Structure formats: structure tokens, C-alpha cells
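Please open the model in your viewer and set it up so that individual residues and ligands can be selected in turn. The tour below proceeds stop by stop, and each stop says what to select and what is found there.

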Amino acid sequence: MREQRVRGGAGADDADTAGSGDVRLRLPSPDNIPRHVAIIMDGNGRWARERGLPRVAGHRSGMRTVRRIAMAAARIGVKVLTLYAFSTENWKRPKSEVDYLMKLPQEFLAIELEELIANNVRVRVMGSRQGLPGHTLAAVDEAVRRTADNTGLILNFALNYGSRAELVEAARELARRVKAGELDERAIDEQTIASCLSTADLPDPDLLIRTSGELRISNFMLWQLAYSELWFTDVYWPEFTERHFYDAICEYQRRVRRYGGL
Ligand code: IPE
Ligand code: IPE
Ligand code: MG
């Protein structure tokens, strides 16, 4: 493990937590950095409730964590950071909360896009475009377009994403190709299926993090997580800092990945 002296604590680049004095931040070893980290950002609502705030205040605060963790991931050389921002099941929430969540990408990008560009971050999205308001799509499309040539961290937002819906789409696509005579059904293998998913050109997540103490996958990347290492924390997403993120990666580095072998 290396250690680095940082000012202002684990959230040094966040005005909310700056000023708490010098602390030692344990950095993961530069060898064996996970190429792809996926995060189920959970606990915004509970974080807010415990403070007597409306749920949307938790989402707003969670937005600052996104910036913090994206920068932390870029700093240590993670190639892909996938963040679960809105699931296909989250439409079940009250309309006022959904409306707020649909405004967040716009708000986030208005504040952060220039810095993401300055840091060579490439923004991507995965999930269904169907049902997303025009203003949400416009904001993410602009971010994707303006960062398309960047070569640093891929910041991949899962927005209106559901893994089962993604697999249904893949099945339809394969059925269409077989029917059209473009594909022999006996030629379908794992690679064929993977190539029909929104992650076709990305490595599978090496590490999955879920915040807030929930121990479930909630329809996130079911295919891609087959051999990912899982790391859970009780910390709510708005309170998740670089320190927690690097702790997760340090633990990942101690794991032995066997993939069914010995
Ligand atoms: C995660 O926080 C953000 C989204 C799912 C959009 P939640 O809103 O699920 O927060 P809790 O789980 O209710 O605390
Ligand atoms: C998962 O969190 C979805 C996102 C983080 C976007 P939820 O809060 O929606 O998951 P459940 O309902 O607790 O399983
Ligand atoms: Mg939740």
C-alpha cells in the first residue's frame, strides 16, 4: 500500500467536507487496479430522511459524490466507471421524485462537464432512451458528443437501465438476425450475446460496489457481473468518499479471483 498526504480529508475536493485537516489517504497499489468498477449508488433517500430533508436533497448531495468518485477513479487509472443512476424500476417512484432525477444529469453536466473535459474523461450512457424526457437526453447527448474523443476514464452512466430489459433486447436482436439468415443459431455463443449488450466494447466489471447496506443487485448488469468481486458498505452514497472507494479497491487487490479454477 502507498500512502499519500492529502489536505482536507477524504473529501478534499468537495467544499462540503473540506477543511477537516490533514489525513492519510491510503492509495491502492498501482499494480492490479481494476479496469472496470461498477457502482450501485444507493442510500440518497435515507441519507436525507435522517437529516430531516426531502429525498431530493439526498439526490442533490449524491451528485457531488459522483464528481468526487469519478475524479478518484481517474486519478488511479481505472479505465471504466459505471454508475447506476436510474433503473427501469425507478419509474415506480412518485412523479415528483422521478422528475427531479430526470433533471439531475442536466444539472450535473452544467456544473461538471468542463472539468470532465479538462480531465480527459469520456462520458457514456447505457440504458433505454425510451421514456426519458427530451431535456435529459439533450444533456447527456451533448456530454457524450463533447467528450467522444477523450481518452481517459470512461464515465458510463446507467440511466433508465435494467439488465433484464437489456437481455431481452439482445435476444430480439439475435432472433432478428437468425430470421434474416445472417446468423446460424448454432453459432451463437457467449461472445455473440456479449456483443449484443450495451457493454459490448467494455471489459466486464472487475469490482461491484453497492452503498447503503443493501445486499442485492437490483437488476444491474446481471450478465456482466458473473465473475465480478462484490463489495458492500453501509455508508450512504452522499457520504461515500475517496477513502471508502480506495478501501474497496485495496480489498479487491487482496482477493483471489479463481474463475472456477484452482
Ligand atoms: C439511490 O438512492 C438513487 C436512486 C435509486 C436513483 P435511493 O433514492 O434509492 O435512496 P434510498 O435507497 O431510498 O435511501
Ligand atoms: C438501485 O437502487 C438503482 C439505482 C441505484 C439507480 P434502488 O434503491 O432502486 O434499489 P432497490 O429498490 O432498493 O432494490
Ligand atoms: Mg435505494
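What follows is a tour of the surroundings of two ligands in a predicted model.

**First stop: ligand 1**

Begin by selecting ligand 1 together with the residues around it, of which there are 13, with Asp42, Gly45, Arg46, Arg55 and Arg93 coming nearest. Turn next to its oxygen atoms, and show side chains as well as backbone. One oxygen atom of ligand 1 lies 2.8 Å from a polar side-chain atom of Asp42, while the backbone also takes part, since a backbone N or O atom of Gly45 lies 2.9 Å from an oxygen atom of the ligand and a polar backbone atom of Asn44 is 3.1 Å from an oxygen atom of ligand 1. With a surface displayed, consider how far the ligand is enclosed: of the 380 Å² of accessible area that ligand 1 has on its own, the protein covers 87%.

Now colour the model by secondary structure, and pick out helix H1 (44–49), helix H2 (55–76) and helix H3 (95–118), which are the elements that give two or more residues to the shell around ligand 1. Among the contributors, H1 provides the largest share, with 3 residues. If you recolour the shell by residue class, it divides into 3 nonpolar, 5 polar and 5 charged residues.

**Second stop: ligand 2**

Move on to ligand 2 and select the residues that surround it, namely Ile40, Met41, Asp42, Tyr84, Ala85, Phe86, Ser87, Asn90, Arg93, Arg210, Arg216 and Ser218. Asp42 and Arg93 will be familiar from the previous stop, as they are listed both here and among the residues that come nearest to ligand 1.

Which side chains place a polar atom by an oxygen atom of ligand 2? Select Ser218, where the separation is 2.6 Å, then Arg216, where it is 2.8 Å, and then Asn90, where it is 2.9 Å. The protein covers 78% of the 390 Å² of accessible area that ligand 2 has on its own.

Highlight strand S4 (residues 80–87) next, for this strand gives the most to the shell around ligand 2, with 4 residues. By class, that shell contains 5 nonpolar, 3 polar and 4 charged residues.

**Last stop: the pocket**

Finally, keep both ligands visible and look at the space they occupy. Ligand 1 sits in the largest pocket, and the space taken by ligand 2 is likewise the largest pocket.

Notes:
Residues numbered from 1 in each chain as written. Chains lettered and ligands numbered in written order. Predicted model: local features only at pLDDT ≥ 70, side-chain atom pairs only at ≥ 80, totals over all residues. Heavy atoms only, no water. Near = heavy atom within 4 Å. Polar contact = N/O pair within 3.5 Å; in protein donor to acceptor, adjacent residues only side chain to side chain. Areas by Shrake-Rupley, 256 points an atom, 1.4 Å probe, with all protein chains shown as cover. 1 Å grid on protein atoms, 1.4 Å probe; cavity = no way out; pocket = protein on both sides within 12 Å on 5 of 7 lines; lining within 4 Å. Sits in = over half its atoms within 2 Å of the grid points. Nonpolar A, V, L, I, M, F, W, Y, C, P; charged D, E, K, R; others polar.
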